[in-house]
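Reader: I would like to learn how to read a model feature by feature, with the general idea given before each case. Could we go through it in that way?

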Amino acid sequence: MQLDLAGDLHVLFRDIVDIRSESLHEKELADAIDAALRQFDHLTVTRIGNSVVAATHLNRDSRVLVAGHLDTVPVADNLPSHIETRCDGDYLVGRGSCDMKGGVAVGLHLAATLAAPSRDVTWVFYEAEEIAAQHNGLLRLRSHDPRLLECDLAILMEPTNAIIEGGCQGTMRFTLTTEGQAAHSARSWAGHNAIHDLLPILRILSDWQVSGDHLVEVDGLTYREGLNATMVQGGLAGNVVPPEATVQINYRFAPDKTAQQAEQLMRAMFAGWRMDVLDLSSPARPGLDQPLAQSFARSVATMPMPKYGWTDVARFFEMGRPALNFGPGDAMYAHKADECCKLSSLDDCARALASWLDGSRDEGES
Ligand SMILES: [Zn+2]
């Protein structure tokens, strides 16, 4: 399919949603985007795997990177897309419409139409965000040539309803295991019940819930932490005293602490239990103390909010680059079967981003 990047944004959006691109199957979409971007002389296009990078080289004094992932979670009988008219406007409904082809459509359209922005721009359309990090297109681009991701500010176009969401919270998943001794439940005093031993752990968790809102302020944004048991396992049979029990816990922590500090905190809170860490992802500070990010925030003119979920902004943060989330669509619809994105949200994002990238540099910026 030939994509018309400079034409109607809503048509482009529908076209790229209708090209299926589940993780690891992004080739058809990447081919179409690659071919379409190469028609524009103001862009230098690089293709690595199924990720496409298009950059301007205008010798501006700052460079902004705008990124969106091409992959979606599996299609669930929700393609091709269709338009639905609701009381508050028209929506495109279909897999990938929310997470995150609305952002990709805005990025492609602006890459084509902003031939001489007042800031250099690197447009990144990358593969495999929804699956294990080993496949992640951003990481592949970085290991191939880190200069491809050089920038003074990164904007990730994940759905935020066209408001700026700064940074992201970190996440740690771990299990705690208790050990008992099996016995026939008819003579239970001969054993020791490992499930009952979960009780003090659950009490710590429920006490934590009622002890406060766990609000943490970082760079002017207020994050709210979460500490929850998410799964419990244990028991062998209905007439056996369980010899082992495991509770899985998820700690969502604010970006005032590093991943290592979060782990230390959990190890101190649950000292004495066997802990196995399943995964630990670093948070990202919002970076709104940086002049370029401040200039963008002033231009968007809505109050920046904290990002609760984990996103690839953390990967930019690891590279020492400030990064924000800003994109069309409501993240509440991400990954749902009735995934959708309001069309006017694309227009809002495109307008805000275009006027900032194209506008004259504002004075607060250095
Ligand atoms: Zn996403």
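Author: Let us start with metal sites, where donors are N, O and S atoms within 2.8 Å of the metal (3.2 Å for Na, K and Ca), and where water is not among the atoms, so sites may look incomplete. Four donors count as tetrahedral if all angles lie between 85 and 135 degrees; four count as square planar and six as octahedral if opposite donors are over 155 degrees apart and all others between 65 and 115, and anything else is irregular. This is a predicted model, in which local features need pLDDT of at least 70 and side-chain atom pairs count only at pLDDT 80 or more, while totals for chains, interfaces and linings use all residues. Residues are numbered from 1 along each chain as its sequence is written, and side-chain values use heavy atoms, with hydrogens and water left out.

Reader: Which protein atoms are the donors of the zinc ion, and why is the arrangement of the four donor atoms called irregular?

Author: The donors are NE2 of His69, an OD atom of Asp99 and two entries for OE of Glu158, at 1.9 to 2.6 Å from the zinc ion. The angles that the four donor atoms subtend around the zinc ion run from 53 to 144 degrees, which makes the arrangement irregular. Along the sequence, the spacing of the donor residues is H-x29-D-x58-E. Aspartate 99 belongs to helix H3 and glutamate 158 to the loop between strand S7 (153-156) and strand S8 (165-166), so the pair ties together parts that are 59 residues apart in sequence. Helices (H or I, at least four residues) and strands (E, at least two) are here DSSP runs, numbered from the N terminus.

Reader: Are aspartate 99 and glutamate 158 buried or exposed?

Author: The general scale is that buried means under 20% relative accessible area, exposed over 50%, and partly exposed in between, with a 1.4 Å probe and protein chains only. Aspartate 99 is buried, with a relative accessible area of 7%, and glutamate 158 is buried as well, at 6%.

Reader: How should I read a strand such as S2, and what covers its faces in terms of buried residues?

Author: In a regular strand the side chains alternate between the two faces of the sheet. In strand S2 (residues 51-55), five of the five residues are buried; Ser51, Val53 and Ala55 lie on one side, and Val52 and Ala54 on the other, so that both faces are covered. Two strands pair if DSSP finds at least two bridges between them. Strand S1 (residues 44-48) pairs with S2 in the antiparallel sense over five bridges, and isoleucine 48 has serine 51 in S2 as its bridge partner. The two strands S1 and S2 form a hairpin with two residues between them, and glycine 49 in the turn has a positive phi of about 60 degrees. S2 also pairs with strand S6 (residues 120-126), in the antiparallel sense over four bridges, with alanine 55 opposite threonine 122 in S6.

Reader: What is the order of the strands in the open sheet of four strands, and which helix packs on the sheet, touching S9, S13 and S15?

Author: The order is S13-S15-S9-S16, with antiparallel pairing, and the edge strands, each pairing on one side only, are strand S13 (226-234) and strand S16 (274-281). For angles, axes are lines fitted to C-alpha atoms, for helices over the stretch in contact, and angles run from 0 to 180 degrees between N-to-C directions. With direction ignored, neighbouring strands of this sheet are turned by 20 degrees against each other on average. Helix H5 (residues 199-210) packs on the sheet, touching S9, S13 and strand S15 (244-253), and its direction makes about 155 degrees with that of S13; contact here means heavy atoms within 4.5 Å. Helix H6 (residues 259-269) lies across S9, S13, S15 and S16, running at about 160 degrees to S16. Strand S9 (residues 170-179) and S16 pair in the antiparallel sense over seven bridges, and phenylalanine 174 stands opposite valine 277 in S16.

Reader: Where is glutamate 225 found, and with which side chain does its own side chain make a polar contact?

Author: A polar contact is a pair of N or O atoms within 3.5 Å; within protein, one must be able to donate a hydrogen and the other to accept it, and residues adjacent in sequence count only if both atoms are side-chain atoms. Glutamate 225 is in the loop between strand S12 (221-224) and S13, and counts as buried at 10% relative accessibility. The side chain of glutamate 225 makes a polar contact with that of tyrosine 251 (2.9 Å).
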